[in-house]
Amino acid sequence: ADRTTLVKSGWIRDLEPYYTVIAMDIRGLGESSISHDPDFYRLDRIIEDIEQVIQECGFTQFSIFGHSYGGSIALRAIKSGLPIKKAIIASGTWDAEFFHNDIPKWIIEYSEMNEKKKRKQFTDMTKEEQEWAQATDLDNYIAQFRAWTTFESVTINEITIPVFLYSGTEDEPRAIHFILDNESEFKQKLWKYKIYNGMNHSDLVREEPQIITDVLEFMERSR
């Protein structure tokens with residue numbers, strides 16, 4: 001989630017009384033810089049961004065909270081060795097199958113939409129799709145997707161810090177199954193995990209009032 005979403009949904013308001021909150025926009029999202037060059041979005045560069053922001057804020061250790069793409073980055077930041085104490089992962093992607101098999105299909109879909117946009121050929125698009133395509137820098141999205149195809153898997157054993165992992169019953173099946181299939185390992189590692197009833201992928205960050213108590217309990221328990 002970008003900084004604006006975190007502000008609107010209440011996360012920063014409810015975490016700031018207890019913690020120093022650093023909300024950064026990942027490259028290409030929110031108010032961060034964008035590029036049409038996939039190299040700009042390499043994972044190692046994004047991890048360097050996180051490290052630099054933390055250092056400039058004067059910290060040597062930190063906890064991380066990531067939703068969706070941010071959760072996928074958080075997992076790989078932990079694996080890279082950044083000094084992360086604990087992590088809250090909302091529907092992050094662990095295996096590389098999604099990035100290697102599904103994302104190339106997104107690239108094709110967005111590239112086709114981009115061609116229609118450039119040629120003003122919108123006959124087979126709904127009004128909403130047309131408006132979204134016109135208002136969106138599709139080349140930026142395509143560049144990010146191309147970088148995502150290089151992401152590798154993260155295994156549970158590679159994450160050695162306390163984790164709160166959560167999803168929702170209406171979230172992407174991959175995220176739900178990952179939790180259900182690995183419950184025994186999570187219990188063994190004393191990780192916190194939860195599937196919220198009725199929540200879809202976006203709700204996992206937007207429905208903050210239903211989640212914040214669990215987050216604060218996890219953070220306090222993991223001190």
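Which residue just after H3 takes a positive phi? Keep that in mind as you open the structure, which is a predicted model. The tour below starts at helix H3 and comes back to backbone angles at the end.

**Stop 1: helix H3**

Select residues 43-56, which make up helix H3. This helix has 14 residues and reaches 20 Å from its first C-alpha to its last, close to the 20 Å expected at 1.5 Å a residue. Now show the side chains of Leu43, Ile46, Ile47, Asp49, Ile50 and Ile54, which are buried. They cover an arc of only 150° around the axis, and therefore sit on the same side of H3. Turn to the other side of H3 and you will find Gln55 and Glu56, which are exposed.

What do the buried residues of H3 pack against? Add E1 and H4 to your selection, since these are the elements they pack against. Then step just past the end of H3 to Gly58: this is the residue with the positive phi, about 90°.

**Stop 2: the sheet**

Switch to a cartoon view and pick out the open sheet of four strands, ordered E1-E2-E3-E4 with parallel pairing. Strand E1 (62-67) and strand E4 (192-200) stand at the edges, each with a single partner strand, so one side of each has no neighbour in the sheet. From one strand to the next, the twist averages 15°.

Zoom in on E1 and strand E2, residues 84-90. The two run parallel, and five bridges join them. To see one facing pair, select Ile64 and look for Ala87 in E2, which it stands opposite.

Next, bring in helix H8 (residues 173-181), which lies across strand E3 (163-170) and E4. Fit an axis to H8 and another to E3, and the angle should come out at about 125°.

**Stop 3: salt bridges**

The structure holds 14 salt bridges. Here are a few to visit.

Begin with Glu158 and Lys79, whose side chains meet in a salt bridge at 3.4 Å, N to O. Glu158 lies in the loop between helix H7 (138-148) and E3, while Lys79 lies in helix H4 (residues 69-80), so the pair ties together parts that are 79 residues apart in sequence. Glu158 is partly exposed, with a relative accessible area of 33%, and Lys79 also counts as partly exposed, at 38% relative accessibility.

Move to helix H5 (residues 97-119) and select Arg119 and Glu115. Their side chains meet in a salt bridge of 3.5 Å, N to O. The two are four residues apart in the helix, and so are separated by about one helical turn. Arg119 counts as exposed at 55% relative accessibility, whereas Glu115 is partly exposed, with a relative accessible area of 36%.

Finally, select Asp39, Arg42, Asp44 and Arg45, which salt bridges with shared partners join into one network. Within this group, Asp39 forms a salt bridge with Arg42, and the closest N and O atoms are 2.7 Å apart. Asp39 is partly exposed at 30% relative accessibility, and Arg42 is partly exposed with a relative accessible area of 31%.

**Stop 4: Asn140**

Is Asn140 buried or exposed? Find it in helix H7 and compute its relative accessibility: at 5%, Asn140 counts as buried. Leaving aside residues up to four places away in sequence, Asn140 touches Gly28, Ile34, Ser35, His36 and Tyr41. Displaying those five as sticks will show you its surroundings.

**Stop 5: two more positive phi angles**

Go to Ser91, in the loop between E2 and H5. Ser91 has a positive phi of about 60° although it is not a glycine. This serine counts as buried, at 8% relative accessibility.

Now jump to Leu190, in the loop between helix H9 (183-188) and E4. Phi of Leu190 is near 60°, again a positive value in a residue other than glycine. Leu190 is exposed, with a relative accessible area of 67%.

For a last view, draw a distance from the C-alpha of Leu190 to the C-alpha of Thr123. The two residues are 67 apart in sequence and 54 Å apart in space.

Notes: Residues numbered from 1 in each chain as written. Predicted model: local features only at pLDDT ≥ 70, side-chain atom pairs only at ≥ 80, totals over all residues. Heavy atoms only, no water. Pairing = 2+ DSSP bridges. Axes fitted to C-alpha atoms, helices over the stretch in contact; angles between N-to-C directions. Contact = heavy atoms within 4.5 Å. Salt bridge = Lys/Arg side-chain N within 4 Å of Asp/Glu carboxyl O. Buried < 20%, exposed > 50% of the residue type's maximum accessible area, 1.4 Å probe, protein only. Expected span 1.5 Å × (residues − 1). Arc of directions from axis to C-beta.
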